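Student: Could you walk me through one part of this model in detail? I'd like the hairpins and what surrounds them.

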Amino acid sequence: MKWKSIFLRSFHSFLLLFALLTCAGLRTTLANNLSNGAIFPQISPDGKQIVFSQQGAIWTVPVQGDTMTRLTDEPGFDIEPTWSPDGSSIAFIRSTNFFGGRLHLISSTDGQTKKLPIQINTSDRLFFSPDGKRLLGLF
């Protein structure tokens, strides 16, 4: 049942994002990129980038479309990406089974890992606090 809710939430996010991009006239390149299996899309705080999970990795793409940039390339499924309020970092879950895993934090520009003080396991969506100093989730 949990897999079904993850799929439905991801599919709903994709449909909402697809509709927004279509209304903005940006459907062609970007929508084609995102319709190829992208899940968990999130628009950056400045509205210029979209982060998403595809093929087990975290990717970004400019909102106007263009080349996708792969930020992660490790074993497992990198899921549930979310932007920090200033757009400099992306938090996500690295999972072996899509139902939770280890919390990771990377630079949004080059995917460099940002060290966390301890290893944290989590599941479901992640959210940054408005000041960007805390992450909210199911830990």
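Tutor: Here is a walk along one strand, its two partners and a few residues around them.

A caveat up front: this is a predicted model, so local features need pLDDT of at least 70 and side-chain atom pairs count only at pLDDT 80 or more, while totals for chains, interfaces and linings use all residues. Residues are numbered from 1 along each chain as its sequence is written, and side-chain values use heavy atoms, with hydrogens and water left out.

Let's start with strand 6, residues 89–95; strands here are DSSP runs of E with at least two residues, numbered from the N terminus. Seven of its seven residues are buried, meaning under 20% relative accessible area with a 1.4 Å probe, protein chains only (exposed is over 50%, partly exposed in between). In a regular strand, side chains alternate between the two faces of the sheet. Both faces of strand 6 are covered: Ser89, Ala91, Ile93 and Ser95 are buried on one side, and Ile90, Phe92 and Arg94 on the other.

Now the partners. Two strands pair if DSSP finds at least two bridges between them. Strand 5 runs antiparallel to strand 6, with five bridges, and strand 7 is also antiparallel to strand 6, joined by seven. Ile90 is a handy marker, being the bridge partner of Trp83 and standing opposite Ile106 in strand 7.

Next, the turns. The hairpin of strands 5 and 6 has five residues between the strands, and Gly87 takes a positive phi near 80° there. The hairpin of strands 6 and 7 has five residues between its strands as well, with Phe98 at a positive phi near 75°. Phe98 is not a glycine, and neither is Glu80, whose phi is positive at about 55°. Glu80 sits within strand 5, residues 77–83, and is buried at a relative accessible area of 6%.

Phe98 has company too: with Phe40 and Phe77 it forms one aromatic cluster. The structure holds two aromatic pairs, where rings of Phe, Tyr and Trp (its six-membered ring) pair if their centres lie within 6.5 Å; planes under 30 degrees apart are stacked, over 60 edge-to-face, and the rest tilted.

Finally, look at Ser129, in the loop between strand 8 (121–128) and strand 9 (135–138). Ser129 is buried, at 10% relative accessibility. Its side chain reaches the backbone nitrogen of Lys133 at 3.5 Å. Leaving aside neighbours within four places in sequence, Ser129 is in contact (heavy atoms within 4.5 Å) with Pro85 and Arg134.

Technical notes: Helices (H or I, at least four residues) and strands (E, at least two) are DSSP runs, numbered from the N terminus. A polar contact is a pair of N or O atoms within 3.5 Å; within protein, one must be able to donate a hydrogen and the other to accept it, and residues adjacent in sequence count only if both atoms are side-chain atoms.
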